[in-house]
Amino acid sequence: PHPATLPPGSADGLIFRGIHPSTVVTGGATIEFPQSTIIEPFCSFVMGPHASVSFGNNVTIYSGCTFRSKYGHFEIGNEVSFGPNCAFYELRAGLFIGDHSMIAAGVCVSGVNHGMDPAAGPYRFQASDNRPVHIGQNVWIGMNSTILPGVTISDNTIIGAGSVVSRDIPAGMIAYGNPC
């Protein structure tokens, strides 16, 4: 288990020179931070004990990013960057991001929908629909875009700023809009 916050210099006996001491890791998940990881101030990993995160080499997470999930596996490739204030919310069926991808500031990625039947009681208590999100290699997701559950964004694709990605995007595309 990781401590509630990562102290400057080390955690679990490993050296983390690029992880800011304000980074919060809580919930009991297994998280692997290679020494090449850079995490700027005020990032948080709120991950349950049945969740796991593995980062490739040279991943950069800018300030204010949040990774949150009760369970599921997040697999982040090499040379991936996350702009300021990105949110990764309840990707219980998994999140996969390929090498060399850029996630710009304010991007939100969700892996869960709640039930939507008004006759079945409050939405918050209805069964959830958990779907993985796959982001390929060399993908650029523009600022303030939203990626919805179950979406695959294939290799060498650009998603324009402010887009709402509600369906799969083929390789090599420039896609934008609401819906994207």
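This section describes the fold, aromatic contacts, cysteines and backbone exceptions of a predicted model.

The protein chain contains 22 strands and zero helices. Its radius of gyration is 16 Å, close to the 16 Å that the globule rule gives for 180 residues, so the chain is as compact as a globular protein of that length. Taken along the principal axes, the box filled by the C-alpha atoms has dimensions of roughly 50 × 40 × 20 Å. Of the 180 residues, 42% are buried, while the exposed surface of the chain comes to about 8,700 Å², with 56% of that area supplied by carbon and sulfur atoms. Among contacts with a separation of 6 or more, 14% are between residues 24 or more positions apart.

Seven of the strands are arranged in an open sheet with parallel pairing, in the order β5-β7-β9-β12-β17-β20-β22. The edges of this sheet are formed by β5 (38-39) and β22 (174-175), each of which pairs on one side only. Strand β5 runs parallel to β7 (residues 60-61), and the two are joined by two bridges; within this pairing, Ile-39 has Ile-61 of β7 as its bridge partner.

Aromatic side chains make a further set of contacts, with a count of eight aromatic pairs. One of these pairs is formed by Phe-67 and Phe-82, whose ring centres lie 5.5 Å apart with 85° between the planes, an edge-to-face geometry. Phe-67 belongs to strand β8 (residues 66-76) and Phe-82 to strand β9, so that the pair links distant parts of the chain, 15 residues apart. Both rings belong to buried residues, with a relative accessibility of 1% for Phe-67 and 0% for Phe-82. Phe-82 also pairs with Phe-88; the ring centres are 5.3 Å apart and the planes stand at 90°, so this pair too is edge-to-face. Phe-88 is likewise buried, with a relative accessible area of 1%. Through such ring pairs, Phe-67, Phe-82 and Phe-88 are linked with Phe-33, Phe-45 and Phe-55 into a cluster.

The cysteines were examined next. The structure holds zero disulfides. For Cys-86, which is in no disulfide, the nearest cysteine sulfur is that of Cys-65, at 4.4 Å; because a disulfide requires sulfur atoms within 2.5 Å, this separation does not qualify. Cys-86 is buried, at 1% relative accessibility. Cys-108 is also in no disulfide, and the nearest cysteine sulfur, that of Cys-86, is 9.2 Å away. In its accessibility, Cys-108 counts as partly exposed, with a value of 27%.

Several backbone features depart from the usual pattern, since most residues other than glycine have a negative phi, and most peptide bonds are trans. Asn-58, although not a glycine, has a positive phi of about 60°. This residue is found in the loop between β6 (44-55) and β7, where Asn-58 is partly exposed with a relative accessible area of 38%. A positive phi, near 60°, is also found at Asn-85, which is placed in the loop between β9 (81-82) and β10 (87-89). At 53% relative accessibility, Asn-85 counts as exposed. Finally, the peptide bond that joins Asn-178 and Pro-179 is cis, with an omega of about 5°, and Pro-179 lies in the segment after β22.

Technical notes
Residues numbered from 1 in each chain as written. Predicted model: local features only at pLDDT ≥ 70, side-chain atom pairs only at ≥ 80, totals over all residues. Heavy atoms only, no water. Pairing = 2+ DSSP bridges. Helix = DSSP H or I, 4+ residues; strand = E, 2+ residues; numbered from the N terminus. Buried < 20%, exposed > 50% of the residue type's maximum accessible area, 1.4 Å probe, protein only. Rg over C-alpha atoms; globule rule 2.2 N^0.38 Å. Contact = heavy atoms within 4.5 Å. Areas by Shrake-Rupley, 256 points an atom, 1.4 Å probe, with all protein chains shown as cover. Phe/Tyr/Trp six-rings, centres within 6.5 Å; stacked < 30°, edge-to-face > 60°.
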